[in-house]
Amino acid sequence: MKIILKITAGLLIVLLTVASCFSCKNRTRSGTADAAGFYHEKYRPQYHFSPESGWMNDPNGLVYNDGEYHLFYQYYPDSTVWGPMHWGHAVGTDLVHWKHLPVALYPDSLGYIFSGSAVTDRDNTSGLREGTVPPLIAIFTYHNSKLERSGNTGFQSQGLAWSNDRGRTWNKYQGNPVLPNPGIKDFRDPKVIWHEPSGRWIMILAVHDRVHIYSSPDLKNWSFESEFGENAGSHGGVWECPDLFPLAVTGTSLSKWVMLVSINPGGPNGGSATQYFTGDFDGHKFTPDNTSVKWMDLGTDNYAGVTWSGIPASDGRRILLGWMSNWNYATVVPASTWRSAMTIPRKLSLYTSNGDYFLASSPVNELKNLRADSLPLVRQGNSKTPNGITIKGDPGLSRSELDLDFIATGADTVGIALENELSERLLICYSALSEEVFIDRSGAGDASFSPRFTGIVKAPYKAGERISMHLFVDATSVELFIDDGRLVMTSVFFPSENFSSLKIYPGRNGNLLQKGIVYHLNGIWQ
Ligand code: FRU
């Protein structure tokens, strides 16, 4: 009997192995296979976008077209460190699940394919349409490393590629570059938008530590319009990956133009970060409301974020995706077959306070579909959390969403600690006394790979009597949305194993936690 059982068990294992190898083969580029090992390597984010293998940085060419969100990205398939850039490609219909597609753009004789954007050319202004379906047009930077090495400063120019089959195959335009280099060293990352009032295309381009604005009737011929930035915002580093879009001011009938500009180095917690300006744009020139420095995300790891073009007015959202890393250490963070991930998609909004305008970010609603269950931490009228420990022995915390409300006044410090069996610990707190929010990742796992990996990440913040913390935790990242995204902090960390305990720091007698829900999240790759 024993022997028969053993044989049956053995047969089962063989069958399972064969079945899983079969789906291994089939999973390549499908992104939806359910093979046990797929996307389960150490450090692999479970519900964030990451490439199957190779190096990834900035999101590129974010465009919604014919029912699909396109996610192109800076990609080097041959290594886990930055190299000759391609555009990797994925598509999805819900901003959460992604299907990997073949590389969209390869380097050519004009250079590597650096960051850029994509639009649907509805009216065929480019004349590149074949058949009846509007073409997708990508505008990107050519980075010519041979020219760079020869000491020529004009090594970056803008190129065009188009697709007549919903982004599946791409043709490079014969007349490239469409915007040659005028003799400026940093001249890159075009974001193209359709400007309805003037009926033209507008390009915003990062030019050293400024932006330049260009216009075009057809995406092929570009005229210089204006420059912005000399005396505005932060200038601790080079400006990169700009974006420009109108956005409604919540609770008013106003709409403002928002300009995003990533900057590296010079971020508030070291290295890379994204600043923004609000103002007006008349089709030629951007006029800021003021020139003060404002950061879109005060964590360390949200860079080069840009927004999707083409989202229908009936939806009306402005949705951003960022690269969840920092050039201070991006190339040396612990990795195996791939390196880095994107943030969760975030809906942007504007609010007004003290006569000024500020950007808020919130997780897109589609993420709610990942919730597998919900665990209330606070029972009606009783918020006691014995010993401060709320959950123990639950490795699922490394793939979770936490929705917490605290009272925090006077000398209160409120927040959470996530810990694993090895006592590696991530601490996230608000101190009402020092009026700051901090993420302490110094003891949250491997931090030895770079002296520039900031241990304690801080942001000034003054809450009212209450503070809400909405957190998204994945294998190596936390995204913290305070008070409906008025303060956002994104940080990566590298624990040796999953977090399995959640401690709440409720301050005074454990009564400061007013609301607490933990959601376990389903992964997107199984
Ligand atoms: C931003 C950036 C861009 C550039 C790209 C190259 O992270 O430096 O300015 O186009 O990365 O990969």
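**Close-ups of a predicted model**

**Figure 1. The β13–β14 hairpin and its turn.** The hairpin of β13 and β14 has 6 residues between its strands, and in it G251 adopts a positive phi near 80 degrees. Everything in these views comes from a predicted model. The two strands run antiparallel and are joined by 9 bridges, with β14 covering residues 255-264. Look across the pair and you'll find V238 standing opposite N264 of β14. As for β13 itself (residues 238-248), 9 of its 11 residues are buried, so the strand is largely enclosed by the rest of the structure.

**Figure 2. Who sits around the ligand.** Twelve names are worth picking out here: N57, D58, Q74, W82, M85, F114, S115, R188, D189, E240, Y303 and W327 surround the ligand. Sorted by type, the residues of this shell come out as 5 nonpolar, 3 polar and 4 charged.

**Figure 3. Polar contacts to the ligand.** Zoom in on the oxygen atoms of the ligand. W82 places a polar side-chain atom 2.9 Å from a ligand oxygen. For D189, the distance from a polar side-chain atom to an oxygen atom of the ligand is 2.6 Å. E240 joins in too, with an N or O atom of its side chain 2.9 Å from an oxygen atom of the ligand. On its own the ligand has 320 Å² of accessible area, and the protein covers 95% of that. Which elements give two or more residues to the shell around the ligand? They are β1 (54-65), β5 (112-120) and β9 (187-195).

**Figure 4. D189, a ligand neighbour with a positive phi.** D189 is one of the residues around the ligand, and its place is in strand β9. Its backbone deserves a look as well: D189 isn't a glycine, yet its phi is positive, at about 65 degrees. Is D189 buried or exposed? With a relative accessibility of 5%, D189 counts as buried.

**Figure 5. L95, a positive phi in a loop.** Here's another residue that is not a glycine but has a positive phi, this one about 70 degrees: L95. You'll find L95 in the loop that links β3 (86-92) to β4 (99-105). The relative accessible area of L95 is 1%, so this loop residue is buried.

**Figure 6. Two cis peptide bonds ahead of prolines.** Start at N176, where the peptide bond to P177 is cis and omega is near 0 degrees. P177 belongs to the loop between β8 (171-172) and β9. Now move to N264, which we met opposite V238. N264 and P265 are joined by a cis peptide bond as well, with omega about -10 degrees. P265 lies in the loop between β14 and β15 (273-281).

**Figure 7. S157 and G111.** S157 is part of strand β7 (residues 156-163). A relative accessible area of 12% makes S157 buried. In sequence S157 and G111 are 46 residues apart, while C-alpha to C-alpha they are 9.2 Å apart in space.

**Figure 8. Buried cysteines.** C241 has a relative accessibility of 4%, which puts it in the buried class. C429 is buried as well, with a relative accessible area of 4%. How many disulfides are there? Counting pairs of cysteine sulfur atoms within 2.5 Å, the total is 0 disulfides.

Key:
Residues are numbered from 1 along each chain as its sequence is written. Side-chain values use heavy atoms; hydrogens and water are left out. A residue is near a molecule or strand if one of its heavy atoms lies within 4 Å of it. A polar contact is a pair of N or O atoms within 3.5 Å; within protein, one must be able to donate a hydrogen and the other to accept it, and residues adjacent in sequence count only if both atoms are side-chain atoms. Accessible areas come from the Shrake-Rupley method with a 1.4 Å probe; for residues, only the protein chains shown count as cover. Helices (H or I, at least four residues) and strands (E, at least two) are DSSP runs, numbered from the N terminus. Ala, Val, Leu, Ile, Met, Phe, Trp, Tyr, Cys and Pro count as nonpolar, Asp, Glu, Lys and Arg as charged, and the others, Gly among them, as polar. Buried means under 20% relative accessible area, exposed over 50%, partly exposed in between (1.4 Å probe, protein chains only). Two strands pair if DSSP finds at least two bridges between them.
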